[in-house]
Amino acid sequence: MTREPKTATRDDKNRKKILIIIICILAAALVVTAMLFLGQVYNGLALEGVSVQGVAIGEMDMDQALAATSKIPQQKLSEIKISVDFDGETHTFTAEDLGLTTDYKDVVEKALNFGNTGNLFERLSDANTAKEQGKDFKVTVKSDRGAILAALLPIKEKLNSKPVDATFAFAPRGYLQDGTIYQPDEQEMIEKSAGRENLGLPEDLVRIPDDQMPGILRYDYWQNDHYVDDYIPVDANIARFKYTDEVAGSTFNIESVSDTIVSQVESGVYATIKAPVEYAQPAVTVDDLKKNTQLVASFTSSYSRHEGYNRNWNVAKLSGLINSVVIEPGEEWSINKHTGARTLSSGWLEAAGIVNGGYVPEAGGGVCQLSSTTYNAAIRAALDITDSTHHSISSDYIPLGFDATISTGGPDLKIKNPYDTPVYIVSYVNPEETNVTVEVYGPPVVNETYGEVILDFTSTDGGSYGTPGMQIVYNTPASPDGKPIAPGASYVYAQARQGRSVKTFIHYLSADGTELGSEDFHSYKWAPINGITYVNGPPPPGTPAATTVPAA
């Protein structure tokens, strides 16, 4: 076996030593070079090529960088305008309103630290990137949901609302365009009506448009001895109820709005936000109110054959007194109780009234025109008539069998409301046409068999019967109506009248006038009435001071 020479081994070792020395020298040189380079790079200044939101901060320290970029946060936040649509009402919020901030200081610090963190190679890479390509650090807007909710809360509290029910005001004389309830001088209205003058109603009274007026079948007009077809009173279109619309309640979901704002801030894309809203409907609407305050019946009667200043006065006075009457559910209303005693001292004038078959002046004479007209409107509204009395003599100003007399301390007209809601009475005079109208407003008439109906009434004259006599009263210088009788003369105070009978009927009509059915309403007989003649002189010998003889 041959052994290598020892000199060769020494040479290899020397070479290795030399190589190691060279490597160490090179490594040391590299470290020194890197340290020298990094010393130039990391000197507390931002790297060349570094910027914040497009503003260069290379070779700047922290204070210098903050000064150079100080406007960035305000510029960034001032660009933000967020609009929120709260059910048609738009509110615009600024960044300050919503408590928005930026990460500006953190970004500047990060920019200054760029290339100064990580290992040697990462730092060298960052430095090279900044120098060759540039490195821009973006400032972002930050949001705080709690701050946003706090900003939205006052708007929510302002706009959130509870539902408000519709309401109405009963305006028996109407109301003006500005909403003011019309309240004329009632005494002046009476005086004008008595003199058959134009009432001079305001031009700005709210009137119902023709296409919204009740159907013609709601109106009846009896003119002395017949119905007038298709007649609607001149002032029937005056609006008697002033309605206030219902308002739905609203609750806005600001939590959802806040979430959307946070999302928009994060994306940097802004658009109007429509706030989700929940509506609470009111319990009562205007339509509900109108169903129970609609015109149910209107009845008009003419007093043209009986007109005179005093009677006109009394008719107008009673019309004004019953105008505005409200009969509550289940309530019985008395016309005598409501209007009080009709006396001269209480403002009534003397006009003809029936006493013992003749006509005498009495305070409030002629008011039966109104009680009878009210009776006819009431039965057409299906109100309960709890007390009524026919005249002793049938009246021509009202359909046969449908009169209702009243007298202070005597006959009364009483009406009861059978409905669950109030009924409203309106009455007005047309002096120029010498007629008076009574209207009843309330719920529609509903019949168990036919449903919602319009009521109509007719009568059949049963003819006359009986043979009345003539009562002669002697030694009377003046008749009960105040007419003086000359000595030896006579005066027929009351004509002898045969009895008369009538049968009345109720008819159920549909809205278009189709008769659905009919039935008897009531029957009545007027008893024969003896006439009365007064003589200013003694009776013939053997004749009583008052005697009855066959009528001529």
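A salt bridge here is a side-chain nitrogen of Lys or Arg within 4 Å of a carboxyl oxygen of Asp or Glu. Keep that in mind as you click around, and remember that this is a predicted model.

**Stop 1: Glu186 and Arg173.** Select these two and look at their side chains: they meet in a salt bridge, 2.8 Å from N to O. Glutamate 186 sits in helix H7 and arginine 173 in the loop between strand E8 (167–170) and H7, so the pair ties together parts 13 residues apart in sequence. Colour by accessibility and glutamate 186 comes up partly exposed, at 33% relative accessible area, while arginine 173 is buried at 14%.

**Stop 2: H7 against H10.** Stay with H7 (186–194) and add helix H10, residues 309–322. The two pack at an angle of about 145°, with their axes 8 Å apart, and H7 passes H10 in a right-handed crossing. For the contacts, show Glu186, Gln187, Ile190, Glu191, Ser193 and Ala194 on the H7 side. On the H10 side, they meet Tyr309, Asn312, Trp313, Ala316, Lys317 and Gly320.

**Stop 3: a surface patch.** Now follow the chain into the loop between H7 and strand E9 (219–222), where you'll find leucine 217. Its relative accessible area is 30%, which makes leucine 217 partly exposed. Select Ile216 and Ile232 as well: together with Leu217 they form a nonpolar patch on the surface, with about 190 Å² of accessible area.

**Stop 4: more salt bridges.** How many salt bridges does a search of the whole structure find? It turns up 12. Try lysine 274 and aspartate 85, whose closest N and O atoms are 3.4 Å apart. This pair links distant parts of the chain, with lysine 274 in strand E12 (residues 273–274) and aspartate 85 in strand E3 (residues 81–86), 189 residues apart. Lysine 274 is exposed at 57%, whereas aspartate 85 is buried at 17%.

Next, pick arginine 145 and aspartate 259, which meet at 2.6 Å, N to O. Arginine 145 is in helix H6 (residues 145–159) and aspartate 259 in helix H8 (residues 254–267), so parts 114 residues apart in sequence are tied together. Arginine 145 is partly exposed at 35%, and aspartate 259 is partly exposed at 38%. For a network of salt bridges, select Asp225, Arg305 and Asp396.

**Stop 5: Asn336.** Finish in helix H11, residues 335–339, with asparagine 336. Is asparagine 336 buried or exposed? Buried, at 14% relative accessibility. Beyond its neighbours within four places in sequence, asparagine 336 contacts Arg342, Ile406, Ser407, Gly410, Pro411 and Asp412.

Conventions
Residues are numbered from 1 along each chain as its sequence is written. This is a predicted model: local features need pLDDT of at least 70, side-chain atom pairs count only at pLDDT 80 or more; totals for chains, interfaces and linings use all residues. Side-chain values use heavy atoms; hydrogens and water are left out. Patches are made of residues with over 30% relative accessible area and no salt bridge: like charges are joined within 9 Å, nonpolar side chains (Val, Leu, Ile, Met, Phe, Trp, Tyr) within 5 Å. Accessible areas come from the Shrake-Rupley method with a 1.4 Å probe; for residues, only the protein chains shown count as cover. Helices (H or I, at least four residues) and strands (E, at least two) are DSSP runs, numbered from the N terminus. Buried means under 20% relative accessible area, exposed over 50%, partly exposed in between (1.4 Å probe, protein chains only). Axes are lines fitted to C-alpha atoms, for helices over the stretch in contact, and angles run from 0 to 180 degrees between N-to-C directions. A crossing is left-handed if the near helix is turned anticlockwise from the far one by less than a right angle, and right-handed if clockwise. Contact means heavy atoms within 4.5 Å.
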